[in-house]
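Subject: Structure for your review

Dear colleague,

Please find below the structure that I am handing over to you, together with its sequence. I would be grateful if you could read the notes beneath it with the structure open.

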Amino acid sequence: TGGISILALQFAKTRSATIIATIPSFVKAKILQKLSADHVINYKDTPNKVKKAVSFTFKKEGVRHVIKVGDLVIIK
């Protein structure tokens, strides 16, 4: 939920990307949901965050693009 992550989220949304964000807390999840993240995964509560992220993708194909600035994952 830092500046670069929010910028990446907003840019990706202008390109109609589906946003899967991983965060460490419930508070940050709410912030990202307000900023149009499509899916938010709390990595402290989710043992396999990669498997969970893949479950949100089209036909379970997995993510195409990853932006790692903290823990923001962006797919298209």
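The notes below go from the chain as a whole to its core, its surface and two single residues.

Please keep in mind throughout that this is a predicted model.

Overall form

The chain has three helices and three strands. Helix and strand alternate along the sequence in the pattern α-β-α-β-α-β. The C-alpha trace spans about 30 × 30 × 20 Å along its principal axes. For a chain of 76 residues, a compact globule would have a radius of gyration near 11 Å; the value for this chain is 11 Å, and therefore agrees with that expectation. Of the contacts between residues at least 6 apart in sequence, 40% join residues at least 24 apart.

Burial and the core

Buried residues account for 30% of the 76 residues. In soluble globular proteins, nonpolar side chains tend to be buried together. In this model, the largest nonpolar core consists of ten residues: I6, L9, A12, A17, I19, A21, I23, A29, L32 and A37. Three elements each give two or more residues to this core, namely α1 (3-14), β1 (18-23) and α2 (26-34). One member of the core, A29, touches I23 and V40 when residues up to four places away in sequence are not counted. I23 is itself listed in the core.

The surface

The accessible surface of the chain comes to about 5000 Å², and carbon and sulfur atoms hold 58% of that area. A nonpolar patch on the surface is formed by I4, L7, I67 and V69, which together have about 330 Å² of accessible area. Within this patch, I67 is found in the loop between α3 (49-55) and β3 (72-75). I67 counts as partly exposed because its relative accessibility, 33%, falls between the 20% limit for buried and the 50% limit for exposed.

Q33

Q33 lies in helix α2. With a relative accessible area of 42%, Q33 also falls between those two limits, and so is partly exposed. The C-alpha atoms of Q33 and S55 are separated by 18 Å, and the two residues are 22 apart along the chain.

To locate these features in the viewer, you may wish to begin with the core residue A29 and its contacts I23 and V40, and then turn to the surface patch of I4, L7, I67 and V69.

With kind regards

Conventions
Residues are numbered from 1 along each chain as its sequence is written. This is a predicted model: local features need pLDDT of at least 70, side-chain atom pairs count only at pLDDT 80 or more; totals for chains, interfaces and linings use all residues. Side-chain values use heavy atoms; hydrogens and water are left out. A nonpolar core is a set of buried Ala, Val, Leu, Ile, Met, Phe, Trp, Tyr and Cys residues joined through side-chain atoms within 4.5 Å. Buried means under 20% relative accessible area, exposed over 50%, partly exposed in between (1.4 Å probe, protein chains only). Helices (H or I, at least four residues) and strands (E, at least two) are DSSP runs, numbered from the N terminus. Contact means heavy atoms within 4.5 Å. Patches are made of residues with over 30% relative accessible area and no salt bridge: like charges are joined within 9 Å, nonpolar side chains (Val, Leu, Ile, Met, Phe, Trp, Tyr) within 5 Å. Accessible areas come from the Shrake-Rupley method with a 1.4 Å probe; for residues, only the protein chains shown count as cover. A salt bridge is a side-chain nitrogen of Lys or Arg within 4 Å of a carboxyl oxygen of Asp or Glu. The radius of gyration is taken over C-alpha atoms; the globule rule is 2.2 Å times the number of residues to the power 0.38.
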